[in-house]
Each structure stands twice: as C-alpha cells, then as structure tokens.
Amino acid sequence: VVTESGLPESREIWEYILGKNGSDSVVARDTMYKRGLNKMYANWTEGRALIEWMREYNRNHDNKLHYYGSDIGGFYQDWKTPFASIFGYLQKVDAPFAKVISTDLSPFLDILSQNARVNHSEHLSALEKARLEILLDDLLWHMDSHREEYVAKSESDETEFEWARQSVESMRLADNYYRNYLQQCHPKTSKFVGLDGREIAMHRNVLWALDQRRRCGDGTGKLIIIHHVVHTKTESQCQEDPWGY
C-alpha cells in the first residue's frame, strides 16, 4: 500500500507493519504515527485502522504486506526528522562522511526544521539554495558511488541502503519542488515549468516501491496507491491557473 505521505518518514510505518517496532502504549503508538505519517494522515482514523489491520494480517501471513509513503520528504514542514534517519544510516556505514555531510547540511536543517517550504522560500538566498541543491546532489552521487561498500556494511542486505538512498532522493526532490513552487510568481523569469514537483517525486517513489516489491517479494510487484485525485493529472482534473492538468 502506497499513500500520499512522506517517503523517508514512512519507514517507521513500514517497520511497524512488519513487527520491527511498536508498542502497546497509546502514547508511544501516537508518537510513532506522528513521526511516520505527515500532517493530517497521522490523525485519520481510517488510515490508522488500515495500518493496524496490515500489521495484524502480517502476524499470520509471513509479512506479505508492506507500506510506503509516496510523497516528498519533510512534506511542507520538517526536514530534521527525515535527515536524522539518513544520518543515522550513514553513521553506521561511513562515519567520517556522515560527520562531514551532517555538518554541511546543519545550517539548512536549522532553517527547515519547521515550516520548511515557506522558510526555504523566504530565508534562503539564491546562493544558499544553490549550495543546498549541490549538497543534496553530491550526497546522492556519493551513496551511489559507494553502494557496494555500504550494502556490505548494512544490517539487512540492500533494504537498509535502499531506504536511505531513496530518502535522500525524496529530500532532493523536495528541494526541487520548493524552488519550482516559488517560480509560479515569476512566469517570465522562471527556470522551471509548471508545479508538478510533487507529482514527479510521487512518481519516482512509487516506481521505487514497485521495484522493492518485485525484488524482495514474489516478483510480481503489486501496489495499491491511495492519494488525492488531483495528483493523477488527468483530463477530468483540470485546475485553475497556474496548476492546469
């Protein structure tokens, strides 16, 4: 099952459904939902009921069901939470690099730890935005360049690496979406076209989830995707300017 919530954060729900974490404490479970699901998705009774049903089903069916978020990391609010998981993984497989990249990104994460989209727009200069983009691009390149080394040091074959790598990709696409989003106010000077940044991120994250199920499941890769109809970009969903289809 793939729903419209941040991919990096969704790992906590993925682990919960597979019985890798969890607690009978109401407070602990509520905290888990708020960390693993973005905004209103953590509060919806139906969404929580689905996740609880999937967890219970897996207890008796050899963990056949999995959950992924399809959306940009951090959603519109908090970048520190998804990066804490990314840095945690890098610390285990490459502590020296983890120290360097966490230090380089720290000033940006302080600004983007709350109200991230607005703060990205209003509190980062053009030079700082370019620097952030370069750091995220380089982080993804570094992980791809050290894939075999990192996988060998990971706890669960490729799965742990894959989650960390796609989380970086999701944050990179969030940064691109924020820059893209702002450009709607400047149609004559924009370097970007349209406001499809979230849909691009969702598309890539869904393809990643599909690949995970094909490689790690029974080879068929079946997904149920749940999100707002506006993200399908079909003819019936033409919106007013500047969104269009």
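Two strands are taken to pair where DSSP finds at least two bridges between them, and the legends that follow apply this to a predicted model.

**View 1. The sheet of the predicted model is open and has 3 strands in the order S2-S1-S3, with parallel pairing.** Strands S2 and S3 stand at the edges, each with a single partner strand, so one side of each is left without a neighbour in the sheet. Helix H10 (residues 197-216) packs on this sheet and touches S1, S2 and S3, its direction making about 155° with that of S2. Strands of a sheet pair through backbone hydrogen bonds, in either a parallel or an antiparallel manner.

**View 2. Strand S1 is shown with its partners S2 and S3.** With S3 (residues 225-226), strand S1 pairs in the parallel sense over 2 bridges, and Thr3 has Ile226 as its bridge partner in S3. With S2 (residues 68-71), S1 pairs in the parallel sense over 3 bridges; among the bridge partners in S2 are Tyr68, which is matched with Val2, and Asp71, which is matched with Gly6. Strand S1 covers residues 2-6, and 5 of its 5 residues are buried, so the strand is largely enclosed by the rest of the structure.

**View 3. The largest cavity holds about 40 Å³ of space.** The structure contains 1 cavity of 30 Å³ or more. Rolling a probe the size of a water molecule over the atoms shows where empty space is left. The lining of the largest cavity is made up of Pro8, Arg11, Pro82, Ser85, Ile86, Tyr89, Ala164 and Ser167. Helices H1 (7-17), H4 (80-93) and H9 (159-182) each supply at least two residues of this lining, and the largest share, 4 residues, comes from H4. By class, the residues lining the largest cavity divide into 5 nonpolar, 2 polar and 1 charged.

**View 4. The largest pocket has a volume of about 720 Å³.** Its lining comprises 31 residues, of which Asn63, Lys64, Leu65, His66 and Arg213 lie nearest the centre of the pocket. Helices H1, H3 (45-60), H9 and H10 each supply at least two residues of the lining of the largest pocket, while the largest share, 4 residues, comes from H10. Helix H10 is also the helix described above as packing on the sheet, where it touches S1, S2 and S3. Sorted by class, the lining of the largest pocket has 14 nonpolar, 8 polar and 9 charged residues.

**View 5. Asp62 has a positive phi, near 55°, in a residue other than glycine.** The residue lies in the loop between H3 and S2. Asp62 has a relative accessible area of 69% and is therefore exposed, the cut-off for that class being over 50%.

**View 6. Phe75, a residue other than glycine, has a positive phi near 50°.** Phe75 is found in the loop between S2 and H4. With a relative accessible area of 4%, Phe75 is buried, because the cut-off for that class is under 20%. Set beside each other, the two loop residues with positive phi, Asp62 and Phe75, are respectively exposed and buried.

Technical notes:
Residues are numbered from 1 along each chain as its sequence is written. This is a predicted model: local features need pLDDT of at least 70, side-chain atom pairs count only at pLDDT 80 or more; totals for chains, interfaces and linings use all residues. Side-chain values use heavy atoms; hydrogens and water are left out. Buried means under 20% relative accessible area, exposed over 50%, partly exposed in between (1.4 Å probe, protein chains only). On a 1 Å grid over the protein atoms alone, a cavity is a set of points where a 1.4 Å probe fits but cannot get out, and a pocket is an open set with protein on both sides within 12 Å along at least five of seven lines; lining residues have an atom within 4 Å of a point. Grid points are joined across faces, edges and corners, and a volume is the space filled by probe spheres set on the points. Ala, Val, Leu, Ile, Met, Phe, Trp, Tyr, Cys and Pro count as nonpolar, Asp, Glu, Lys and Arg as charged, and the others, Gly among them, as polar. Contact means heavy atoms within 4.5 Å. Axes are lines fitted to C-alpha atoms, for helices over the stretch in contact, and angles run from 0 to 180 degrees between N-to-C directions.
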